[in-house]
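Could you walk me through this structure? I am new to it and would like a few short questions with worked answers.

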Amino acid sequence: MKRDSSEIRWVDESPLTMSERSYLPLFLDGLTTTFRHLLSRKITVQFPEERHQFPDPVIYRGVHRLNRDEQGRVKCVACFLCATACPAHCIDIVAAPSPWPDQEKYPVVFNIDMLRCIFCGMCEEACPVDAIELTSLYDLSGKSRDEMIFDKAKLLSVYDQTKDQEPPGWLRAKQELEEMLGLVESEGNREPSQESPSE
Amino acid sequence: MSFVIETCIKIAVLLGALMTAAAYLVLVERWIAAWVQDRLGPNRVGIPLTNIRILGLGQPIADGLKLIFKEEFVPGHVDRVLYNLAPILTFVAAVAVYAVVPLGQADLGIAGWAPVDLTIVPKFDAALIFLFAANGAAVYGVIIAGWGSNNKYSLFGAMRGAAQLIAYEIPLSLALVALACYAGTLRIDDIVTQQAQSGVWNIILHPLAFVVFFIAATAEAGRLPFDLPETEQELVGGFHTEYSGMRLMTFLVSEFLHMITAAVLIVLLFLGGWHLWFITGAEPVAGVGLALLRIVVFVIKVLAVVFFFMLMRWSWPRFRFDQLMALAWKPLISWGMVQVTILVIWYAWWEPRVTAHGWPSMPILGLVNWSGFVLTWVFTSAIARPHYNNRPRQDLVRLAQGLPYDSSDLNRENAEVCNT
């Protein structure tokens, strides 16, 4: 585009006022901002001693876990949808016929390479049975590359560790459904039920 | 012989104190940087192999050890002699200033001993001139480092540093000339004693000289609104880009010493040195207890100024290079001239008529100086350019298109913008 094109609209700064030219108000402005921050509350989290508090741990994308169902069996049906969806190709599944009558397949091997994983959450989105989920654990470290490949047992243990503070998706869906149908009296649906008789 | 021993002890104490101060001021600088950014700053390093953290006070030792044990890589393309010489020169220039810093005199109370002068070079008649010389020598370290590194970023940094230091030397000198003119002496201890005895610090009497001196001293120290020689965003590291390990540490320590020097000079010349009303007394000679108290007062004042320097770093953005030069050559030198003129007229015309340094001479001088300060500031603001033309310069555009140069293009363009 040429400099003298009529499409260019030149925006010029407005002229400085007398107070701006004296530099004194700007000088004081900068100093007050500095002092305000100097005395303000510090936002640093002293990590190993205290941990970051998530407003909603359920939506955080941290370390994966493999959910169990009510009977403690692995929920995964080895459909490979998560491995297909994974953009980093970090999920490795070996499927086998399931030993239980109500399930066709189950994973014999379920490995996630945490060094390749980009924590995008696509596997969680793809899973049809809410078996793989991302937790709010974020301090992931290991001493070797092998240690960073999480196998099925490790992923299930992550579930055992986090299930109380972050209930699995299928459980949350079940609770929501029960609340909606009025099977459980909870804080959430008390207000609408009070409104309904008046209508 | 005892004179030599005395001087050696003074040098050892001062050098030790300065090195420790520089190391711990790095920690303070990091703390303040963190606090201003709503962080906590270094608070982990304490006593090794224990969990005792003592607020992170071990950090400077850890930093120092790290830099000492780091590999000292010397790039193949440098001029070895100049490259090795530069850190030494910088450090010597930074330390030499402290030879003339007066901290009063202490009477040890031992019979037959004269009061000990708490200055390395006591009763030095040309102390202010020595200060200039030592301060000006800092530019050698910068430019030799930049040249010897044989690297364009280093050289850019060195050129900027040289231009900046030379430009700001002039307002700095003018402020000092005004001060020497008022005090009638070049001895720093006399200037401090005068402030102590009259009880009126020079900042109260000479605000214009203080402002000029403060800005110029900040620029001389290369602190942030004026840290053009080593802008990380533009020049990698400026003149010390090619340095590492101990040599780099020497540069960084020298930089901190420059800042402390600036603070020390401001305190000595404008904030009354070791004097504090009702606490330290006014006579130069003092007993041991009072002498120590004076040192504490002095150190607290210096730390307060250093604290302000560190806050300044986060308060105002860095100047552009043309703004930096414009600030030195246009307002600061003019203000220094105004201050010198006021004091010269004072000395030549007014002072022979009344007694100097006392009633009613001093209040009148203060009044004249303050009104001069306010008027100068208002006048400078009034004539400052209210409008900046940010459009491409038409004359250069024409030139780039291969057309002949015509300076009227530039004038027309400016008139256009300024009239809208």
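Here are some questions and answers on confidence, the contact between chains, and a sheet. This is a predicted model, in which local features need pLDDT of at least 70, side-chain atom pairs count only at pLDDT 80 or more, and totals for chains, interfaces and linings use all residues. Residues are numbered from 1 along each chain as its sequence is written, while chains are lettered from A and ligands numbered from 1 in the order in which they are written.

Q: In chain B, which helix has the lowest confidence?
A: pLDDT is the predictor's confidence in each residue, from 0 to 100, and chain B averages 82. Helices here are DSSP runs of H or I with at least four residues, and strands are E runs of at least two, numbered from the N terminus. Confidence in chain B is highest in H8 (residues 207-221), at 90, and lowest, at a mean of 57, in helix H15 (residues 407-419).

Q: Which element gives the largest share of the side of chain A that touches chain B?
A: Contact means C-beta atoms, placed from the backbone, within 7 Å; 19 residues of chain A are in contact with 22 residues of chain B. Helix H1 (18-22) and helix H2 (24-39) of chain A each give two or more residues to this side. The largest share, six residues, comes from H2(A).

Q: Which strands stand at the edges of the sheet in chain B?
A: Strands pair if DSSP finds at least two bridges between them, and three strands form an open, mixed sheet in the order E2-E1-E3 (chain B). Each edge strand has a single partner, so one side of each is left without a neighbour in the sheet; these are E2 (116-117) and E3 (285-287) of chain B.

Conventions. Contact = placed C-beta atoms within 7 Å.
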